Amino acid sequence: MANTPTSFTCADGSRTLPIQAVNDDYCDCKDGSDEPRTAACANGRFVCMGLTGKTVEIPSSRVNDGVCDSQCCDGSDEFSGLISCPVTCPHLVPGSARSSSIDDRQVRAYSTS
């Protein structure tokens, strides 16, 4: 069984938070690193799936702005329900030869146990 991180350290090293504080729509870290999948931090970056199958970052200001961002081929930048973005990632489209399952809620960076 894999170890699940229980804490998160801000990228700038300024704070260590409980893992539940990551992506909770509240900016705890001055550098915004605890909110990679939300628009909570003014200086934050939103992490989404790119066309190549690797994660990409866009400014948090482009999250839930009513525009499907072409860099986020998984459509995750518009999760508020205001609009629905199609999934255009070749590796996520059902029936694609490169289709795979990706858990977009996984904390990818800066986690500590």
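I count a residue as buried when its relative accessible area is under 20%, and by that cut-off 33% of the 113 residues in the protein are buried. I keep in mind throughout that the model is predicted.

**Overall fold**

I looked up the secondary structure and found zero helices and five strands, so that the order of elements from the N terminus reads β-β-β-β-β. For the surface I noted an exposed area of about 6800 Å², of which carbon and sulfur atoms supply 52%. I then turned to contacts between residues at least 6 apart in sequence, and 25% of these join residues at least 24 apart.

**Disulfides**

I next went through the cysteines, and the structure holds five disulfides. When I number the bonded cysteines in sequence order, the pairing comes out as 1-3, 2-4, 5-7, 6-9, 8-10. I followed three of these links in detail.

Cys10 is bonded to Cys29 with an S to S distance of 2.0 Å, and the link is left-handed, with -75 degrees about the S-S bond. The two ends belong to distant parts of the chain, 19 residues apart, with Cys10 in the loop between β1 (7-9) and β2 and Cys29 in the loop between β2 and β3. I checked the accessibility of both ends: Cys10 is buried at 2%, and Cys29 is buried at 1%.

Cys27 and Cys41 form another disulfide, with sulfur atoms 2.1 Å apart. Here I read a torsion of about 110 degrees about the S-S bond, and therefore I enter this disulfide as right-handed. Both Cys27 and Cys41 sit in the loop between β2 and β3, 14 residues apart. On accessibility I recorded Cys27 as partly exposed, because its relative accessible area is 27%, while Cys41 is buried at 1%.

Cys48 is joined to Cys72, again as a disulfide, with an S to S distance of 2.0 Å. The torsion about this S-S bond is about -75 degrees, so I enter the link as left-handed. It ties Cys48 in strand β3 to Cys72 in the loop between β4 and β5, 24 residues away in the chain. Both ends are buried, Cys48 at 1% relative accessibility and Cys72 at 3%.

**Aromatic rings**

I searched for paired aromatic rings and the count came to one pair. The ring centres of Phe46 and Phe79 lie 6.5 Å apart with their planes at 20 degrees, and I call the pair stacked because planes under 30 degrees apart count as such. The pair links distant parts of the chain, since Phe46 is in strand β3 and Phe79 is in the loop between β4 and β5, 33 residues apart. I found that Phe46 is buried at 0% relative accessibility, whereas Phe79 is partly exposed at 49%.

**Backbone**

Most residues other than glycine have a negative phi, and I therefore noted the exceptions below with some care. Asp25 has a positive phi of about 70 degrees although it is not a glycine, and its place is in the loop between β2 (16-18) and β3 (45-49). I record Asp25 as exposed, because its relative accessible area is 54%. Asn64 likewise has a positive phi, near 55 degrees, and I located it in the loop between β4 (55-59) and β5 (111-112). With a relative accessible area of 26%, Asn64 is partly exposed.

Definitions and conventions
Residues are numbered from 1 along each chain as its sequence is written. This is a predicted model: local features need pLDDT of at least 70, side-chain atom pairs count only at pLDDT 80 or more; totals for chains, interfaces and linings use all residues. Side-chain values use heavy atoms; hydrogens and water are left out. Helices (H or I, at least four residues) and strands (E, at least two) are DSSP runs, numbered from the N terminus. Buried means under 20% relative accessible area, exposed over 50%, partly exposed in between (1.4 Å probe, protein chains only). Contact means heavy atoms within 4.5 Å. Accessible areas come from the Shrake-Rupley method with a 1.4 Å probe; for residues, only the protein chains shown count as cover. Rings of Phe, Tyr and Trp (its six-membered ring) pair if their centres lie within 6.5 Å; planes under 30 degrees apart count as stacked, over 60 as edge-to-face and the rest as tilted. A disulfide is a pair of cysteine sulfur atoms within 2.5 Å.
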